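Visitor: I am new to this structure, and I would like a close look at a single part of it, the interface. Please also describe the elements that belong to that picture.

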Protein chains: 2
Amino acid sequence: MNITDKLLNILSQQQVIFGDALKDNYYHIWKMDEPLNALAMVFPKTTEEISRILELCNNHKQAVIVFGGRTNLVGSTETMGNEILISMEKMNQIIELDQSSRTMTVEAGVLLETIQNKASENDFLFPLNFGAKGSAQIGGIISTNAGGLRVLKYGMTRNPDGTILSSLKKIIKDNSAYDLKQLFVGSEGTLGVVTKAVLKLRETPTSRNSAFIGINTFDNVVAFLKYIDKKLAGLLSGYELIWADTYAQMTNDETGSKPPLEPKYKYYVLVESLGSQQEKERNNLIDIIEQALEKKLVEDAVVAYTKSDLDWFWKLREDVHVIASSCTYDQHFDISLPIPTIGTVLDDININLRQLDGVNHSYTFGHIADGNIHIIVDKDSDDELLKNKINDIVYSPLQALGGSVSAEHGIGLHKKPYLHLCRTEAEIFLMKKLKRTLDPNNILNPNKVIDINE
Amino acid sequence: MNITDKLLNILSQQQVIFGDALKDNYYHIWKMDEPLNALAMVFPKTTEEISRILELCNNHKQAVIVFGGRTNLVGSTETMGNEILISMEKMNQIIELDQSSRTMTVEAGVLLETIQNKASENDFLFPLNFGAKGSAQIGGIISTNAGGLRVLKYGMTRNPDGTILSSLKKIIKDNSAYDLKQLFVGSEGTLGVVTKAVLKLRETPTSRNSAFIGINTFDNVVAFLKYIDKKLAGLLSGYELIWADTYAQMTNDETGSKPPLEPKYKYYVLVESLGSQQEKERNNLIDIIEQALEKKLVEDAVVAYTKSDLDWFWKLREDVHVIASSCTYDQHFDISLPIPTIGTVLDDININLRQLDGVNHSYTFGHIADGNIHIIVDKDSDDELLKNKINDIVYSPLQALGGSVSAEHGIGLHKKPYLHLCRTEAEIFLMKKLKRTLDPNNILNPNKVIDINE
């Protein structure tokens, strides 16, 4: 009896597909035209079913990969062909929204957008947000500790201010021994399977103000962040930096939005404040910016007055695909660096990238308050050697500065060769030890994040 | 050659004390009159020395306990007599304050108060705060994931919004594989030794407003929290609940402060808002409270107008020792519960406690926005049987409701028998597995938190 037959002892026929039936599936949302290569895909409906599937797979030393929305950017759900794939899409129930605890309890397969909408219908905010919200599932978001916009005010997924309280509990503070959930957040399905989560909801801000700011030196980008963070005192929710070339590309005639400011500064900052008094807070924001203009911290600024201004400003920042789709071939990075080093390091990286044969251009932007920079490289071909040369240019400064090869996207398959640049030998040794302890048969997303057999 | 001699191969004579020299030391700040019972106490000055001490102790299967400020409340630093004690007091250097990264890098032995002062001198806020700040060291604070006041706005120690970025890095976002530091935060010295930390600093708020509110139902305590959190939109930094009996005791003629409100309501809430515009924000707070009075959400309120009002209000809440020192014998709890259950559960607990022979009274207060309740029981004697009966009354409702026996203080020695009430068998099994993996010889604070030999 082979393993697919045994799976049918646990699940109904509709819950197991294999062979030709796999063809309509895929391992990544950008690879929907490639037939899925795997032993089988299963669709459990309960935690108990997942537990039985894992028990079976452990007994058979059978590799498994958990499939959420498959929107990750680092090959975390790539298959080799010999895996059982656990799709979470049938575990898509919102179990409870508790008004007094201000929590939502959900199964792992619920989409981020569904959670945002449910929160919003109940006059709450679920602050986590990013482009793939219509496909990304909360289980995958937790497994990868996803970040996105508004990390500044509300934190990333791991952070209790952002999202998870506990896999099962609604209590906010719990110091009863080891906080095991922390181990699973961000482990990319290599240590366990997230099946349910209790999410923390926030009161919906009733005001939203934004401004685009032009700044000419990186020192002033940092100084203005400190200045406005202090002046806004808890309301600052976004401080997004866009480098001049990226801004020009995002606002050019062919692809982009109309430019809110003239394209003549070195840096553009998009700030956002979320609060409760729309007009008062806008006037306060205007005062703060005027003082910054007088102090020569910033060169120029434009404040959003209407909902359509806000949409215009934020569409510009959120429509990153404008950049990617203007590239012949594109290669993405999400590094992090200590904030004061970012200006000169990124200048150097961009110079080196643009001098490389095969690179057309490089575009830089980021969540600067978190030290998190995104780079999109426009290149001539998908050539492996070129890809590695580009990786080397971007990653080589990180180790000496205490940066990270992944601020948000995770390690997955694609960044594994570079993990040693931001983690010490001792750290990687301990990670392997933990992986062996929690997954002794190495069946959970094997060969992703770290190789325990090396 | 015994182990104390071998320690002298690693450390200077001034760095190792044993025998009679131990007498001037103690295992807890409240037990300074009891002679310390241990093999030796060592005072390393570097991470490398600690590493060599641990290597030696591992080779000898020699138990060690790390001594920070010894202010914990759960017996985490109690000795049996056969331990080597590692004092962190010589590792007390502030290594760097980085203005642009807004971080402070410190050795583990630096006092919380020293960190707060250094931040303040540089116009930053280190938001973590609690009574023992003049004794508690940052390493111990991290090891126990301490909370305290202002968790609502800034989070607990674990939370990047509160304190630690990484043991070694200044970057705020890092998704490069497993976040190992999370495992050590709150593990009470049973998995490793914290030697250094990078702490996140915040901009200092330039305004502080507070009000005392009288409320008669727990439903309204919850409703007013939601209401004011939404209205203050990011500025709410404290929402401390005091039950009527506690309030009366804290404001009586003998021991307490003058009462800001008449002692005739069931609950008293102390709210705090931290921001940037003292007067505007006070007026806004007054408007918000007036609307709540009109809506009958709250019964009565008084707002602080001066610095001395603020000091008066907060002294009342912070002077918990007024309660403890009014007790014949005192027994403390720091449970957490889902917020909507707190009103009736605490009513029941208090009734049951006060009916128990040997109990004089019980005093309840807490960080209600975090679901974290403190109870101080005034009792006739230190009798073990009475202590256990009191424990049973307080802890027995927790399991069914998904609460925790420790919101802040940790498990240590004293709460170990009750850990199973808030952690499943599977969780405790996994904790033991992790302990065995990271500390195979069980030398790190053995018998605290969990017993791996059971």
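Guide: Between them, chain A and chain B bury about 6,800 Å², buried area being the accessible area (1.4 Å probe) that two parts lose on being put together, summed over both; of this area, 55% lies on carbon and sulfur atoms. This is a predicted model, in which local features need pLDDT of at least 70 and side-chain atom pairs count only at pLDDT 80 or more, while totals for chains, interfaces and linings use all residues. Residues are numbered from 1 along each chain as its sequence is written, chains are lettered from A and ligands numbered from 1 in the order in which they are written, and side-chain values use heavy atoms, with hydrogens and water left out.

In terms of contact (heavy atoms within 4.5 Å), 84 residues of chain A meet 84 residues of chain B. The rule for a salt bridge, a side-chain nitrogen of Lys or Arg within 4 Å of a carboxyl oxygen of Asp or Glu, finds six of them across this interface. One of the salt bridges joins A:K230 to B:D123, with 3.3 Å between the closest N and O atoms. There are also 15 residue pairs in polar contact between the two chains (both at pLDDT 80 or more); a polar contact is a pair of N or O atoms within 3.5 Å, where within protein one must be able to donate a hydrogen and the other to accept it, and residues adjacent in sequence count only if both atoms are side-chain atoms.

On the side of chain A that touches chain B, the elements giving two or more residues are helix 5 (151–154), helix 6 (181–184), helix 7, strand 13 and helix 15 (425–438) of chain A, where helices (H or I, at least four residues) and strands (E, at least two) are DSSP runs numbered from the N terminus. Helix 15 of chain A gives the largest share, eight residues. By class, this side of chain A has 32 nonpolar, 29 polar and 23 charged residues, with Ala, Val, Leu, Ile, Met, Phe, Trp, Tyr, Cys and Pro counted as nonpolar, Asp, Glu, Lys and Arg as charged, and the others, Gly among them, as polar.

Strand 13 leads from the interface to a sheet. In chain A, this open sheet has seven strands in the order 14-11-13-12-16-17-15, with antiparallel pairing; two strands pair if DSSP finds at least two bridges between them. Its edge strands are strand 14 (300–303) and strand 15 (329–336) of chain A, each of which pairs on one side only, and neighbouring strands are turned by 15° against each other on average, direction ignored. Helix 7 (residues 218–232) of chain A lies across strand 11 (207–215), strand 12 (236–243) and strand 13 (267–275) of chain A, running at about 165° to strand 12; such angles run from 0 to 180 degrees between N-to-C directions, and the axes are lines fitted to C-alpha atoms, for helices over the stretch in contact.

Elsewhere in the sheet of chain A, strand 16 (residues 359–367) and strand 17 (residues 372–379) run antiparallel and are joined by eight bridges, and A:H367 stands opposite A:N372. Helix 13 (residues 384–395) of chain A packs on the sheet, touching strand 15, strand 16 and strand 17, and its direction makes about 25° with that of strand 15 of chain A.

Across the interface, chain B has an open sheet of seven strands in the order 14-11-13-12-16-17-15, with antiparallel pairing. Strand 14 (300–303) and strand 15 (329–336) of chain B are at its edges with a single partner strand each, so one side of each has no neighbour in the sheet.
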